[in-house]
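Trainee: Please choose one part of this model for a close look, and then set it in its surroundings, chain by chain.

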Amino acid sequence: MNYIDISLWKLAIASLLMIINIALSFVFKLALARNLIIATVRMVSQLLLVGLVLEYIFKLDHPIAVIAIALFMAAMAGASAVRRTKKRYAQIYFDSLFAIISASFFVSAVANRLLIIEPWYDPQYVIPLLGMILGNSLTGVSLALNSFLNALEDKQKQIEGMLALGATRFEAAHKLIQESLSTAMIPSINAMMVMGIVSLPGMMTGQILAGAAPSDAVRYQILIMFMIISATALASFAVIMLAFRAMFSKEHRLNLAKLKTQN
Amino acid sequence: MDKIFEVKNIACQIEDRMLWQDISFSLKAGDILALKGPSGSGKTLMLRTLAGLEPIQSGAVLYKSKAQNDYEMPVYRSEIIYLQQRPSFAAKTVAESLKNPFKFKVHEDKKYDAKLVAKYLLALGRDLDFLSKEIANLSGGEEQIVALVRALILEPQIILLDEATASLDEESSQNLEQLILAYLNQKRAAIWISHDQKQSERISNKELSL
């Protein structure tokens, strides 16, 4: 392929860019150095590790290995989405996992057949596509959960007021479901609004750097945006409905005692 | 006369504290039960339980001889309406707040009756301009008026009132009592939490102390 190799010593020099900032922080007491160092070290080691794992998986080139790593990635995304929430109920991890895995796998499967990836498990396509979907679904699911569960507590009186007048649990929660879904989708919708004008998306940039024709890279980017948005919407909607079922009993009762605030 | 509402041996425990137990009573058409007890004795919790907003921990609650648990809860709650101590509204104006519940499936065969609303508002000393007021600008007493009218136009058989006149002046408070008595009209029943001893004596024919 036609791109410039990056050797380790080039990376080492590039890391000087970080060191400039760390030094600035020390000199001007900006209190940024500590977090910057930790984040830099984490980023480098995580990426190097992932590089090794991916090389290994690419070499194995076996469907089970690809599915295993896909499940692992989705599970990490599901758990991270919950870790960003302040209020949780007992089966929240399960709900988040279920929402993210089913939405991301469904969308991946559709895209897979559309691109006619051969063999279907080709890690060169499957893993990066899934990774991008998961990153966005994770944000959507955590925003959705945060918004829905916080609103349940803030609007308890309003919800119970409606229930007391004969509303079903869905009628009473409908507005919250709507608002939470919209909150979850705001980053994705905003990203689409300015894409190509304010920002050049990372994947497209990457493909162009790797030598792809810009028009090809654009088509990939459009496809991946469709995948990302639809997976984010599906996962967010699924997780809100699961949280709704967990928090409202079949007797149309709001069960706030199930909600525990994390410290 | 027939009992329309019956409570058998219900109890309520929170963590390891028994709030109330062995509570039994029944209501016939026209009954108004005054529910009494010091603050923290669980009066609100009792009304919430009777409205099905809290699970019945033990014992049974029967409406028209059928257990609460055997009802579709929205149907049960359309007949037995609980008025929160401090009402809440999702809509912006008074009129919208009154109309909103008619969108619920359980009320789909009922119609918003503007004449009835006007009649009730008049009885509570409010004219039709009141309908266009914004909820955010209402006083606590006015909120209670909206909440009561909103409940009455849904024609419940039993009304559970949690300090329904707490924020009202003496005159408005008596107007509200008169309206409720006229509404019950010896055909329906109510349970009323009131800290006003005189009010309790005026309106109730039964009482229960927690």
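Mentor: Two strands are taken to pair here if DSSP finds at least two bridges between them. With that in hand, and keeping in mind that this is a predicted model, I would start from strand S3 of chain B, which covers residues 32-36. S3(B) is mostly covered, since 4 of its 5 residues are buried, a residue counting as buried if 20 or more other C-beta atoms lie within 10 Å of its own.

S3(B) has a parallel partner in strand S8 of chain B (residues 189-193), to which 4 bridges join it, and within that pairing Ala34(B) is found opposite Trp192(B). Another parallel partner of S3(B) is strand S9 of chain B, residues 206-209, again joined by 4 bridges; there Leu35(B) faces Leu208(B) across the pairing. Moving on from S8(B), we reach strand S7 of chain B (residues 158-162), which pairs with S8(B) in the parallel sense over 5 bridges. Trp192(B) of S8(B) also has Leu161(B) standing opposite.

These pairings belong to an open sheet of 5 strands in chain B, which follow one another in the order S6-S7-S8-S3-S9 with parallel pairing. S6 and S9 of chain B each have a single partner strand and stand at the edges, so one side of each lacks a neighbour in the sheet. Neighbouring strands of this sheet are turned against each other by 15° on average, if direction is ignored.

The chain that holds this sheet has 7 helices and 9 strands, and 38% of its 210 residues are buried. Its C-alpha trace spans about 50 × 40 × 40 Å along the principal axes. A compact globule of 210 residues would have a radius of gyration near 17 Å, and the 17 Å of chain B therefore agrees with that expectation. Among contacts in chain B between residues at least 6 apart in sequence, 73% join residues at least 24 apart.

From here the edge strand S6(B) leads to the contact between the chains, to which chain B contributes 20 residues and chain A 16 residues. On the side of chain B that touches chain A, the elements giving two or more residues are helix H2 (73-79) and strand S6 (80-83). H2(B) gives the most, with 4 residues, and by class this side of chain B divides into 13 nonpolar, 5 polar and 2 charged residues.

Across the contact, chain A has 10 helices and 2 strands, which run α-α-α-α-β-α-α-α-α-α-α-β from the N terminus on. The C-alpha atoms of chain A fill a box of roughly 70 × 55 × 35 Å along the principal axes, and 30% of its 263 residues count as buried. For a detail within chain A, take helix H6 (residues 123-154) and helix H10 (residues 214-247), which pack at an angle of about 35° with their axes 8 Å apart and cross in the right-handed sense. Among the residues of H6(A) that meet H10(A) are Gly140(A), Ala144(A) and Phe148(A), while those on the H10(A) side include Ala231(A), Ala235(A) and Val239(A). By class, the contact of H6(A) with H10(A) has 18 nonpolar and 5 polar residues, and no charged residues.

Definitions and conventions
Residues numbered from 1 in each chain as written. Chains lettered and ligands numbered in written order. Predicted model: local features only at pLDDT ≥ 70, side-chain atom pairs only at ≥ 80, totals over all residues. Contact = placed C-beta atoms within 7 Å. Nonpolar A, V, L, I, M, F, W, Y, C, P; charged D, E, K, R; others polar. Buried ≥ 20, exposed ≤ 12 C-beta atoms within 10 Å, placed from the backbone. Axes fitted to C-alpha atoms, helices over the stretch in contact; angles between N-to-C directions. Left-handed = near helix turned anticlockwise from the far one by under 90°. Rg over C-alpha atoms; globule rule 2.2 N^0.38 Å.
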